[in-house]
Amino acid sequence: MTGVNDIREAFLSFFEKQGHTRRASAPLVPQNDPTLLFVNAGMVPFKNIFTGAETPFAPRATTSQKCVRAGGKHNDLDNVGYTARHHTFFEMLGNFSFGDYFKEQAIVYGW
């Protein structure tokens, strides 16, 4: 692997092989969610599934979600530009289980 595209593809492909459905990145401005100005985490597009407002489309998902750092609970916006790891725009790789597996299996996948 030599670049970010290779890393992203390796991550998504691995979780697809584990039975996860690959989903495209949602728009940066959340659709049908007036509580958020921007998507700031990979799980935001699945908020309604996690809260029970929607039925999951599949038992597992994997994404590379585009995100914007714009403040919030864990606000480190003041660090943007001062370190190599704080950016205002980034992609968050994620694997999600909608009640299909729990911590034990998630740890195995992470390892």
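**Exposure, rings and contacts**

Trainee: Is Leu-37 buried or exposed?

Mentor: Buried means under 20% relative accessible area, exposed over 50%, and partly exposed in between, with a 1.4 Å probe and protein chains only. The relative accessibility of Leu-37 is 63%, so this residue counts as exposed.

Trainee: What kind of model is this?

Mentor: Residues are numbered from 1 along each chain as its sequence is written, and side-chain values use heavy atoms, without hydrogens and water. Local features need pLDDT of at least 70 and side-chain atom pairs pLDDT 80 or more, while totals for chains, interfaces and linings use all residues, as this is a predicted model.

Trainee: What is the area of the nonpolar surface patch that includes Leu-37?

Mentor: Patch residues have over 30% relative accessible area and no salt bridge; like charges are joined within 9 Å, and nonpolar side chains (Val, Leu, Ile, Met, Phe, Trp, Tyr) within 5 Å. A salt bridge is a side-chain nitrogen of Lys or Arg within 4 Å of a carboxyl oxygen of Asp or Glu, and areas follow the Shrake-Rupley method with a 1.4 Å probe, where only the protein chains shown count as cover for residues. Val-29, Leu-37 and Phe-38 make a patch of about 290 Å².

Trainee: How many aromatic pairs are there?

Mentor: Rings of Phe, Tyr and Trp (its six-membered ring) pair if their centres lie within 6.5 Å; planes under 30 degrees apart are stacked, over 60 edge-to-face, and the rest tilted. By this rule the number of aromatic pairs is 11.

Trainee: Why is the pair of Phe-11 and Phe-15 classed as it is?

Mentor: A ring pair is described by the distance of the centres and the angle of the planes. The centres of Phe-11 and Phe-15 are 4.8 Å apart and their planes stand at 50°, so the pair is tilted.

Trainee: How many residues apart are Phe-50 and Phe-96?

Mentor: These two rings form a tilted pair, at 6.3 Å centre to centre and 55° between the planes. Helices (H or I, at least four residues) and strands (E, at least two) are DSSP runs, numbered from the N terminus. Phe-50 is in helix α2 (residues 47-50) and Phe-96 in strand β3 (residues 89-97), and the distance along the chain is 46 residues.

Trainee: Is Phe-96 buried or exposed?

Mentor: Its partner Phe-50 has a relative accessible area of 42% and is partly exposed. Phe-96, at 10% relative accessibility, counts as buried.

Trainee: Where does the charged end of Arg-23 sit?

Mentor: A charge sits over a ring if NZ of Lys or CZ of Arg is within 6 Å of the ring centre and within 35 degrees of the ring normal. The charged end of Arg-23 is 3.7 Å from the ring centre, and it sits over the ring of Phe-57.
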